[in-house]
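Hi everyone, thanks for coming. I'd like to take a few minutes to walk you through a structure, so please have a look at the screen.

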Amino acid sequence: MPVRDAVSEDIEEICTLIEEHAVYEDKHDLKLDRAQMSGHLFGPEPKAWVLIATPPGRPDEVAGFAFCSWNFSTWEGRPGIWLDDLFVRPQHRRHGLGQELLDALRDRTTGRVEWDMQAGNEKGEAFYAQLGAEPVPGWIRYRWRR
């Protein structure tokens with residue numbers, strides 16, 4: 001199967017994927033603290049989790065990832081998944097790995113799988129529409145920082 005749960009030995013690859021995604025989105029200055037990220041993902045109280053996609057027949061190569069955490073809908077009365085980051089390296093696109101990652105997420109919850117997408121990402125919009133995902137009308141995301 002080309003999708004698996006990340007393990008602590010994947011931390012360098014996970015951080016590299018996040019940084020590659022940032023560059024792809026034209027943010028060239030993101031550099032993550034590997035030890036801190038490892039604690040968030042694999043420490044005694046993990047705050048998030050990652051699925052890794054590998055190319056078919058090449059389980060030692062990382063093609064992409066989904067970076068997630070659990071959420072909870074009081075209106076639905078059940079947990080769901082917040083997808084913070086989905087990225088497949090350009091050379092591995094068009095082989096169904098993005099859909100494999102999203103299918104693996106849907107298999108983990110009877111609740112919703114939700115994510116944000118940067119406005120103007122026409123390729124992303126087409127990909128998500130093809131899967132049957134829809135924008136959520138009438139909601140505005142807020143952010144409060146320290």
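Let me start with a small puzzle: which residue stands opposite Asp85 in β4? Have a look at the model, which is a predicted one, and see if you can find the partner. It's Phe67.

That pair is a good way into the strands. Phe67 faces Asp85 of β4, and the two strands to look at here are β3, residues 64–73, and β4, which pair in the antiparallel sense over ten bridges. Together β3 and β4 make a hairpin, with four residues between them. While you're at the turn, look for Gly77, which has a positive phi of about 70°.

Now let's stay with β4, which covers residues 78–88. How many of its eleven residues are buried? Eight of them are, so to speak, under cover, and the strand is described as mostly covered.

β4 has another partner too. Strand β5, residues 113–115, runs parallel to β4, and three bridges join them. If you want a landmark for this pairing, find Leu83, which stands opposite Trp115 in β5. To get from β4 to β5, the chain passes through helix α3, residues 97–106, and this β-α-β crossover is right-handed.

On to the pockets, then. The largest pocket has a volume of about 1,500 Å³. Its lining counts 38 residues, and the ones nearest the centre are His21, Glu25, Leu86, Asn121 and Tyr128. Which element gives the largest share of that lining? Here we meet β4 again, with seven residues. At least two residues each come from α1 (11–24), β4, α3 and α4 (122–131). If you like to think in terms of chemistry, the lining divides into 17 nonpolar, ten polar and eleven charged residues.

There's a second largest pocket as well, holding about 920 Å³ of space. It is lined by 23 residues, and closest to its centre you'll find Glu114, Trp115, Asp116, Pro135 and Val136. You may remember Trp115 as the residue opposite Leu83. Two or more lining residues come from each of β3, β5 and α4. By class, this lining has 14 nonpolar, three polar and six charged residues.

So, if you take one thing back to the bench, let it be β4: it pairs with β3 in the antiparallel sense, is joined to the parallel β5, and supplies seven residues to the lining of the largest pocket. Thanks for listening!

Terms used: Residues are numbered from 1 along each chain as its sequence is written. This is a predicted model: local features need pLDDT of at least 70, side-chain atom pairs count only at pLDDT 80 or more; totals for chains, interfaces and linings use all residues. Side-chain values use heavy atoms; hydrogens and water are left out. Buried means under 20% relative accessible area, exposed over 50%, partly exposed in between (1.4 Å probe, protein chains only). Two strands pair if DSSP finds at least two bridges between them. A crossover is right-handed if, with the strands pointing away from the viewer, the path from the first strand over the helix to the second runs clockwise. On a 1 Å grid over the protein atoms alone, a cavity is a set of points where a 1.4 Å probe fits but cannot get out, and a pocket is an open set with protein on both sides within 12 Å along at least five of seven lines; lining residues have an atom within 4 Å of a point. Grid points are joined across faces, edges and corners, and a volume is the space filled by probe spheres set on the points. Ala, Val, Leu, Ile, Met, Phe, Trp, Tyr, Cys and Pro count as nonpolar, Asp, Glu, Lys and Arg as charged, and the others, Gly among them, as polar.
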